[in-house]
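Let's take a look at how two parts of one protein chain sit against each other. Here is the structure to keep open while you read.

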Amino acid sequence: MTNRERVQAVLSFEKPDDRLPMIEWASWWDKTIRAWQEQGLSRELPWHEIAPTLGLDQHIQYWLPHRGPGCPGPKFNGGPIMEDEESYEAILPFLYPEHGPDGQLEDMRRRKAEHDAGAYPIWFSLDGGFWFPRTLFGIEGHLYSFYDYPELYHRILDDLADYQLRQMERIYEILTPDFMTFGEDMSYNNGPMLSEACFDEFLLPYYKKVVPFIREHGTKVIVDTDGDVTKMIPWLRRAGIEGVLPLERQAGVDLPALREAYPDFLFIGAFDKMTMRRDAEAMRGEFERLLPVMKTGGFIPSVDHQTPPDVPLERYRVYVAMLEEYASRAVRE
Amino acid sequence: MNTELLNEISENLQRGKAKVVKELVQKAVDEGIEPDAILKEGLLSGMNVIGEKFKTNEVYVPEVLVAARAMNMGVGVLKPLLAEAGVKAEGKVCIGTVQGDLHDIGKNLVKLMFEGKGLEVVDLGTDVSPDTFVQTAIEQNCQIIACSALLTTTMGVMEEVVKKAEEAGIRDKVKIMIGGAPVDEAYCKKIGADVYTPDAASAADAAVELCRSLKAAG
Ligand code: B12
């Protein structure tokens, strides 16, 4: 089976012939790669070849740009680039760049034949209705904006949705990505960062505008939100979302329980990165915990968000070997 | 005393109505209610409700922030009066996100909850070195050092803070609290810190307890 077929099979709750996909869905943590280079990983390797070199399947991700060149940046990490209606108007010429994704679309055209042949799955990511306004209002201003600038918030999400719909039309003229994510990070260790009422007022209309279009094309719609997403899953389902990642164990996410509650929901991630900092036995225990869900389909096991820098390369190799073992067992047993 | 007015302050605070809270606090002052009573029974009691609801996920981060903002508007009115009346804070804390770490949403919430319990807080911001924590505690007479870390790569700095505090000989006078996503009770024990809590409201409860026990111990 090809890489792409495996991903398509799992995301449709069918069993791949040989094994589940083996991916690290998140891009590498730069500190981890630097540490591994000290431990012998070739420094010559281009970024996208690290995964296949380490024995993982290749996948191609495109994160659509939402801000164009010349857009003012924050004065400090996580700071605002606008505050109110007026300053939104002022930066508007730099947002939603119509030609921003041109390079990515060109790359898609180049890769189309390989994608059709199954060499890799292709997915794309969009800044979501929580994440994108955060990049404008700044981390803290954003949390106040639901109360301070509700109308402006709605306006931003309308503009965002329109832009994303236009750009996705362009993508679908070229090829059909296998899945996509909304980058959100709207949950943390103690659950959602915002209330259900806030979600319904602000995010739901946005998702209702964008999600059906994506689903019509057969691309699976997944939300990327760290932390404990348990309480949010019903909210996301109401919005037409088909799955979540990364299902952070350290935040208390109980994947087997979620699978029982939602037999038809898609999951990616869930492998407790903290076990990788311990030893092989801890990692095996983690695979044993996930194996029953791996067998149910609709789940791609993967590190629950970036392998940490203190995991030695040698241990990562052990992890990959174990992933292969369990990815095979999941379809055979 | 006009308890209705104090309740009104508390309720508006819980809804994040900063302007209204400020006006009502001024009204309470004008009516001659003791500043200490306005603070405790109006503002802090309102913030307490928000803290409890935050613990149980009845309210979320934005609601806590707007409530805390309203509280601070009210406190602003009271501050000179409280100073005049010689009302002292429950205790003093320095707080920061540890070196190498820029996550500060949680740290800021803990700070606000501390303030909501009447503690005085020195905010050291993010990327704070162990020396800065310890020096600040010494120079500013803090009873508590509170460290936040969100990364497995930075949580080790907390152990350094404990060590530095020992070296500086302040371990019997200063309590060390830790928190953040990768931290837990076991880790707190392991590094010899005093208190871990999983959320900001519990952190504030624990901090008040610590200050009281330090006071009792003289
Ligand atoms: C928002 C976020 C960010 C934002 C931070 C913005 C900001 N100004 O804070 C941004 C996008 C900038 C970011 C960056 C990164 N992040 Co980040 N981030 C998060 C996320 C999604 C939420 C954190 C948050 O804000 N929570 C909300 C607050 C309210 O909760 P809290 O901080 O946990 O605080 C509560 C309690 O813990 C407690 N508490 C907090 N502090 C204290 C202190 C004391 C004394 C006490 C008693 C209690 C206490 O009370 C708070 C309220 O109840 C977490 C996921 C998660 N599970 O937490 C990842 C997460 C922490 N990030 C992670 C990573 C990897 C990163 C990056 C390294 C990514 C990268 N490769 O570049 C960078 C690091 C940058 C740096 N040097 O710090 C990983 C860490 C993994 C690991 N191995 O440790 C996490 C866990 C994501 C994941 N799924 O793995 N991140």
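What follows is a short walk through the contact between two domains of one chain.

## Two domains in one chain

First, keep in mind that this is a predicted model. Chain B splits into domain 1, which covers 3-85, and domain 2, which covers 92-217. Going by C-alpha atoms, the centres of the two domains lie 25 Å apart. Each side brings the same number of residues to the contact: 13 from domain 1 of chain B and 13 from domain 2 of chain B.

## What gets buried

Put the two domains of chain B together and about 1000 Å² is buried between them. Carbon and sulfur atoms give 74% of that area.

Which three residues do the most on the domain 1 side? They are B:L44, B:F54 and B:K55, which supply 38% of the area that domain 1 of chain B buries against domain 2 of chain B.

## Polar links across the interface

Between the two domains of chain B, the rule picks out 1 salt bridge and 2 residue pairs in polar contact. B:K55 also pairs up with B:D205: their side chains meet in a salt bridge, at 3.0 Å from N to O.

## The domain 1 side

Now for the face of domain 1 of chain B that touches domain 2. Both α3 (35-55) and α4 (61-84) of chain B supply at least two of its residues. The largest share comes from α3(B), with 7 residues. By type, this side of domain 1 of chain B has 8 nonpolar, 3 polar and 2 charged residues.

Note on methods. Residues numbered from 1 in each chain as written. Chains lettered and ligands numbered in written order. Predicted model: local features only at pLDDT ≥ 70, side-chain atom pairs only at ≥ 80, totals over all residues. Heavy atoms only, no water. Domains from an automatic or database assignment. Contact = heavy atoms within 4.5 Å. Buried area = accessible area lost by both parts, 1.4 Å probe. Salt bridge = Lys/Arg side-chain N within 4 Å of Asp/Glu carboxyl O. Polar contact = N/O pair within 3.5 Å; in protein donor to acceptor, adjacent residues only side chain to side chain. Helix = DSSP H or I, 4+ residues; strand = E, 2+ residues; numbered from the N terminus. Nonpolar A, V, L, I, M, F, W, Y, C, P; charged D, E, K, R; others polar.
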